[in-house]
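Trainee: Got a minute? I'd like to walk through this structure with you before I go back to the bench.

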Amino acid sequence: MIEKNHRITVAATPDRHLVWDRGESVRYIVVQLGVPAVDRSSGPTRLPLNLSMVIDASGSMAGENLEAAKSAVVGIADRLSDQDTLSIVSFADDVVTHLDGVPMSAPGRQLAKGSLQPLTTRGSTDLSSGWLKGAECVATVMERATGLHSRVIVLSDGHANRGILDLTEIGA
């Protein structure tokens, strides 16, 4: 399915075309977003981004899932401007801050990529603590600077089994 919303294209592809008729079937969807190139020669066209990427590093993310999450963070870091800041947090039983509000100049991008290399899976899934730490990283940058778009993105398979388990409560 491809939908167009002004200049953004969205393509969603399921991993399988069938589901088990008895339910309890887990399916994955790959979502691809397309946006046209932006002419940045006339200067900045957006406010700087204050972004925290929070990665699920629990055992259920082993293999391709964790590698896809790490690859997504590297891709985002490569596309951030010098005025943007990035934090990287991983969570499992514990929470680890790999990068905390670093400007995405060339050295910052290299630091971000390097901080992901040793990241491996470990333990259970404390989604709520991981999200909270990512939000704290964003809040710290917000205290230092104004006029930012501040966001937290969680990359997870969504199987919380430690900390707050109710997804509605986590969302609230």
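Mentor: Sure, let's take the overall picture and then a few residues; keep in mind that this is a predicted model.

Trainee: Okay, how many helices and strands are there in the protein?
Mentor: You'll find four helices and seven strands. Starting from the N terminus, the order reads β-β-β-β-α-β-β-α-α-β-α.

Trainee: And what box do the C-alpha atoms fill?
Mentor: Roughly 55 × 40 × 30 Å, taken along the principal axes.

Trainee: What's the average pLDDT?
Mentor: The protein averages 87, and 92% of the residues score at least 70. Over residues 1-5, though, the pLDDT is below 50. That stretch still has nine contacts in the model beyond near neighbours in sequence.

Trainee: Why shouldn't I read the coordinates in detail where pLDDT is low?
Mentor: Low pLDDT means low confidence from the predictor, so predicted coordinates there should not be read in detail.

Trainee: Fair enough. Which percentage of the residues counts as buried?
Mentor: Of the 172 residues, 31%. The protein exposes about 10800 Å², and carbon and sulfur atoms supply 56% of that.

Trainee: What about contacts between residues far along the chain, say 24 or more positions apart?
Mentor: Take the contacts with a separation of 6 or more: residues 24 or more positions apart account for 66% of them.

Trainee: Switching to charges, how many positive and negative ones are there?
Mentor: There are 16 positive and 20 negative charges, and their mean positions are 7 Å apart.

Trainee: Now single residues. Where is serine 150?
Mentor: Serine 150 is in strand E7, which covers residues 149-155.

Trainee: Is serine 150 buried or exposed, and why?
Mentor: Buried, because its relative accessibility is 18% and the cut-off for buried is under 20%.

Trainee: What does its side chain pair up with?
Mentor: The side chain of serine 150 makes a polar contact of 3.0 Å with the side chain of asparagine 50. Not counting residues up to four places away in sequence, serine 150 touches Asn50, Val138 and Met142.

Trainee: And valine 152, where is that one?
Mentor: Valine 152 is in strand E7 too. Its relative accessible area is 27%, so valine 152 is partly exposed. Leaving aside neighbours within four places in sequence, its contacts include Ser52, Val54, Trp131 and Val138.

Trainee: How many Å separate the C-alpha atoms of valine 152 and glycine 130?
Mentor: They're 11 Å apart, with the two positions 22 residues apart along the chain as the separation.

Trainee: Let's jump to leucine 99. Where is it, and is it buried or exposed?
Mentor: Leucine 99 is in strand E6, residues 95-103. At 3% relative accessibility, leucine 99 counts as buried.

Trainee: Which residues is leucine 99 in contact with?
Mentor: Setting aside neighbours within four places in sequence, they are Leu86, Ser87, Ile88, Met104, Leu111, Ala112 and Ser115. For leucine 111, 12 residues away along the chain, the C-alpha separation from leucine 99 is 8.0 Å.

Trainee: Last one: where is isoleucine 164 found?
Mentor: Isoleucine 164 is in the loop between E7 and helix H4, which is 167-171. It's partly exposed, because its relative accessibility is 33%.

Trainee: What is isoleucine 164 in contact with?
Mentor: Leaving aside neighbours within four places in sequence, isoleucine 164 is in contact with Ser128, Glu169 and Ile170. Its C-alpha atom and that of cysteine 137, 27 residues apart along the chain, are separated by 20 Å.

Key. Residues numbered from 1 in each chain as written. Predicted model: local features only at pLDDT ≥ 70, side-chain atom pairs only at ≥ 80, totals over all residues. Heavy atoms only, no water. Helix = DSSP H or I, 4+ residues; strand = E, 2+ residues; numbered from the N terminus. Buried < 20%, exposed > 50% of the residue type's maximum accessible area, 1.4 Å probe, protein only. Polar contact = N/O pair within 3.5 Å; in protein donor to acceptor, adjacent residues only side chain to side chain. Contact = heavy atoms within 4.5 Å. Areas by Shrake-Rupley, 256 points an atom, 1.4 Å probe, with all protein chains shown as cover. Lys, Arg positive; Asp, Glu negative; His and termini not counted. Charge placed at Lys NZ, Arg CZ, Asp CG, Glu CD. pLDDT = per-residue confidence, 0-100.
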